[in-house]
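Me: Please take a close look at the aromatic pairs in this structure, and set them in the context of the chain around them.

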Amino acid sequence: MDDEPVQPHRWYSTNLVGVPTRVLAGTAFNAHPVPLSIAGTREAHPGLFGLLDRCSALSDASEVFVHYLDIAFGLRPPAAHEAAALGPAERCRWRSSWRKLLQAWGMDNASPAGAVLKGWVESRFGLVPTHHRQPLQRYPSPGWITYLEEKTSSRLHNNNVHQQLDLLFEFCQWALQRFGLPGHAAAGASHVRLWRGSTRCDEQLVAGTLQNRHCTVRLNNLVSFSLSAEDAGCFGDWVFEVQVPASKLLVFPGLLTGQVLQGEQEVLALGGDYDVVARYG
């Protein structure tokens, strides 16, 4: 029996952003994007966004954001006298954080931390991953079982980490509307021109051909881009030039204080089908 309709690339679940997942995953949304907001996140933290609105510089807003999350989610290690009064779980609570997930992604996006991040995208935006350690094609399969186990691992998937990531996305969107992406997009811009290097072009190609330069590729549900073609060329023989909707960005250089991603010019964004301009070498 043909089970094509029930396979993962045909899965479209509900989401929390008010745009049908099938639309969000397609090229039409990328051409004509609308703002995205995770339902209830800003409403649950009015104090944070009230403080952010008072900031006149992105660096100030970043410090406010990080400080707020440290307090709200207990992300600072407890002092010795505090730890003595806490149980084992509470003493380790601070180890699960948005920052540690992003740092682990920067080192290896196929790590368990990468699975948690992809699982968050799946949960909030309905976008199903296409790759984790190996192509996620037919279900069930060993690759899918590994992904499902890792995205719910209690070692990383605790301390309300999805809520932490919700706030990170909302902060990124707030910052893009207020300050833009310095040197690359003005405040309120609908798109940001980015690049991505790839070595897995055949499995990503949806329409068109690489030789004709203009084609459509299906990217993972969470994907890293670069701010320049030169940086992207370090990650693959083919380089895709992409107009990425600003409403799909999660992290960009300069958004946050301290070390976040390994690559200084790395942008993290939601995936799906993208029309790209491809060049080799």
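Reply: Two rings of Phe, Tyr or Trp, the last taken by its six-membered ring, pair if their centres lie within 6.5 Å, and a pair whose planes are over 60 degrees apart counts as edge-to-face. The model examined here is predicted, and a search through the whole of it finds 10 aromatic pairs.

One of these joins W120 and F125, whose ring centres are 5.5 Å apart and whose planes meet at 80°, so the pair is edge-to-face. Buried means under 20% relative accessible area; W120, with a relative accessible area of 0%, is therefore buried, and F125, at 0% relative accessibility, counts as buried too.

A further pair is formed by Y139 and W144, with 5.8 Å between the ring centres and 85° between the planes, so this pair is also edge-to-face. Here the partners fall into two classes of exposure: Y139 is partly exposed because its relative accessible area is 34%, whereas W144, at 0%, is buried.

Ring pairs also build a cluster, in which F65, W98, F171, W174 and F179 are linked.

As for the chain that carries these rings, it has 13 helices and eight strands. Of its 281 residues, 49% are buried, and its accessible surface comes to about 13,400 Å², with 53% of that area belonging to carbon and sulfur atoms. Among the contacts in the chain with a separation of 6 or more, 72% are between residues 24 or more positions apart.

A polar residue may be set beside the rings, and N30, which is found in helix α2 (residues 27-31), serves for this. N30 has a relative accessible area of 7% and is therefore buried, and its side chain reaches the backbone oxygen of D273 at 2.7 Å. When residues up to four places away in sequence are not counted, N30 touches H191, P245, K248, D273 and Y274, so that D273 appears both as a contact of N30 and as the residue whose backbone oxygen the N30 side chain reaches, while W120, F125 and W144 provide the buried rings in the two pairs described above.

Notes
Residues are numbered from 1 along each chain as its sequence is written. This is a predicted model: local features need pLDDT of at least 70, side-chain atom pairs count only at pLDDT 80 or more; totals for chains, interfaces and linings use all residues. Side-chain values use heavy atoms; hydrogens and water are left out. Rings of Phe, Tyr and Trp (its six-membered ring) pair if their centres lie within 6.5 Å; planes under 30 degrees apart count as stacked, over 60 as edge-to-face and the rest as tilted. Buried means under 20% relative accessible area, exposed over 50%, partly exposed in between (1.4 Å probe, protein chains only). Helices (H or I, at least four residues) and strands (E, at least two) are DSSP runs, numbered from the N terminus. Contact means heavy atoms within 4.5 Å. Accessible areas come from the Shrake-Rupley method with a 1.4 Å probe; for residues, only the protein chains shown count as cover. A polar contact is a pair of N or O atoms within 3.5 Å; within protein, one must be able to donate a hydrogen and the other to accept it, and residues adjacent in sequence count only if both atoms are side-chain atoms.
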